[in-house]
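Dear colleague,

I am passing on the structure we talked about, and I would be glad if you kept it open while you read the notes that follow it.

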Amino acid sequence: MDSGFLTRASAGILRASSFERFLLEMWETVNHRLAPRVPFLGTGRARTLLFLVAWILLAPLTVRAQAHFDGAKAYEYAREFAAIGPRWPTGPGHAKAEQFLRSHFAHDSCEEDTFTADTPIGAVPMRNFIVRFKGSRNGIIVLGTHYETNYPLRNINFVGANDGASTTGLLMAIADRLREQTAHRKLLDGYSVWLVFFDGEEAIQTWSDSDSTYGSRHLAARWGRDGTLSRIKAFLLADMIGDKNLDIQRETNSTPWLIELVAQAAKKFGDERYFFQTEMAVSDDHLAFVQRGVPSIDVIDLDYGPDNSYHHTAQDTMDKISAHSLTIDGDVFLETIRLIDQR
Ligand code: ZN
């Protein structure tokens, strides 16, 4: 066992926190600077043992210092939501998904934003859900996801575990945190945070500007008319980021300073490798907000399975997503909110 091994092992067991880095730096100092000069520190093996004992004793502090997001909870919510089955607009699963969200947020400030979408199959009733947590500062941060599945995939048992369900679970678990912070009429320490569950993101027939993103285009237009848009400091969209093999692209329609903030948040947790290694432009629910001048980012992993073979196929199931990825997402979203509040 060498210090290199210890460094790698500890990085694997616990994702780096500043406290852990501090311990590892101490270890490096003892091993390389003090040991050659102080005989009683003994052999490399004895020092390793000494360090491990110290680390085990201090580990509870490390865990408390980290307080990672509960990705397992997000995964469990996603599992329950995907278990509803296909949730295509006009289908029975869609009605169940609506009821699921309605009853889950029954004790929160939850608005149901209903509208009729003009689609290639005619008028389709749709419904966004907006859950609001009030902050002490004047302004709003919006986190969004879509929750429905594709109408054209209605006959292949497409449950969208990653595409729709994973980020619905993520926002539900984030809601748990926000609910704790606003218990007993307390306010969030910063801007208000609104969670939006969009309907009709997927194309009803074939993806185009007019046949896609029905819910976000409707809501951005409505919030433009009633003045809400001017109060939105940032719009963060989550899409397909439950993927076990997480590689979030730098989405080039997104606002540069928000991309930088998300990168900064990822760095705090040592999660840089999951973010922005490649880039691409994606059409998604953020565009209607980008076009209206709202700072927006699409946090999306559009590389799902070998040759993208799980994307929009019956292969998009719960075994392809992970609590670990959702932990990373939750950590980074909550930290990004904190960074926006500090701006
Ligand atoms: Zn999709």
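In strand E8, Ser296, Asp298 and Ile300 point one way while Ile297 and Val299 point the other way, and all of them are buried. This fits a rule you will meet often: in a regular strand the side chains alternate between the two faces of the sheet. Please keep in mind that the model is a predicted one. E8 can be called mostly covered, since five of its five residues are buried.

Where does E8 sit in its sheet? Six strands form an open sheet with mixed pairing, and in the order E1-E2-E4-E3-E5-E8 the strand E8 is written at one end. Strand E1 (109–119) and strand E8 (296–300) are the edge strands, each of them pairing on one side only. On average, neighbouring strands of this sheet are turned by 20° against each other, if direction is ignored. As general background, strands of a sheet pair through backbone hydrogen bonds, either parallel or antiparallel. E5 and E8 run parallel and are joined by five bridges, and within this pair Ala238 stands opposite Val299 of E8. Strand E3 (residues 135–146) and strand E4 (residues 188–198) also run parallel, with nine bridges joining them; Gly144, for instance, has Val196 in E4 as its bridge partner.

A helix lies against this sheet as well: H8 packs on it, touching strand E5 (232–239) and E8, and the direction of H8 makes about 45° with that of E8. Helix H8 covers residues 256–268 and contains Trp257. Is Trp257 buried, exposed or partly exposed? Trp257 counts as partly exposed because it has 13 C-beta neighbours inside 10 Å, whereas a buried residue would need 20 or more and an exposed one would have 12 or fewer. The C-alpha atom of Trp257 is separated by 9.4 Å from that of Ser296, although the two residues are 39 residues apart along the chain.

Next come two helix pairs that share H6. The axes of helix H6 (residues 161–181) and helix H10 (residues 323–342) come within 10 Å and cross at roughly 50°, which means that H6 is oblique to H10. The crossing of H6 past H10 is right-handed. On the H6 side the contact includes Ser166, Gly169 and Leu170, and on the H10 side it includes Leu326, Phe333 and Leu334. By class, this contact of H6 with H10 has six nonpolar, three polar and two charged residues.

How do H4 and H6 cross? The axes of helix H4 (residues 71–82) and H6 come within 7 Å and cross at roughly 130°, and H4 and H6 are therefore oblique to each other. H4 passes H6 in a right-handed crossing. Among the residues that meet here are Tyr75, Tyr77 and Phe81 in H4, and Ser166, Gly169 and Leu170 in H6. The contact of H4 with H6 has, by class, eleven nonpolar, three polar and two charged residues.

Finally, a few totals for the protein chain may help you to place these details. The chain has ten helices and eight strands, and buried residues make up 41% of its 343 residues. Of the contacts with a separation of 6 or more, 79% are between residues 24 or more positions apart.

With best wishes

Notes
Residues are numbered from 1 along each chain as its sequence is written. This is a predicted model: local features need pLDDT of at least 70, side-chain atom pairs count only at pLDDT 80 or more; totals for chains, interfaces and linings use all residues. Helices (H or I, at least four residues) and strands (E, at least two) are DSSP runs, numbered from the N terminus. Two residues are in contact if their C-beta atoms, placed from the backbone, lie within 7 Å. Axes are lines fitted to C-alpha atoms, for helices over the stretch in contact, and angles run from 0 to 180 degrees between N-to-C directions. Angles under 35 degrees count as roughly parallel, over 145 as roughly antiparallel, 65 to 115 as roughly perpendicular and the rest as oblique. A crossing is left-handed if the near helix is turned anticlockwise from the far one by less than a right angle, and right-handed if clockwise. Ala, Val, Leu, Ile, Met, Phe, Trp, Tyr, Cys and Pro count as nonpolar, Asp, Glu, Lys and Arg as charged, and the others, Gly among them, as polar. Two strands pair if DSSP finds at least two bridges between them.
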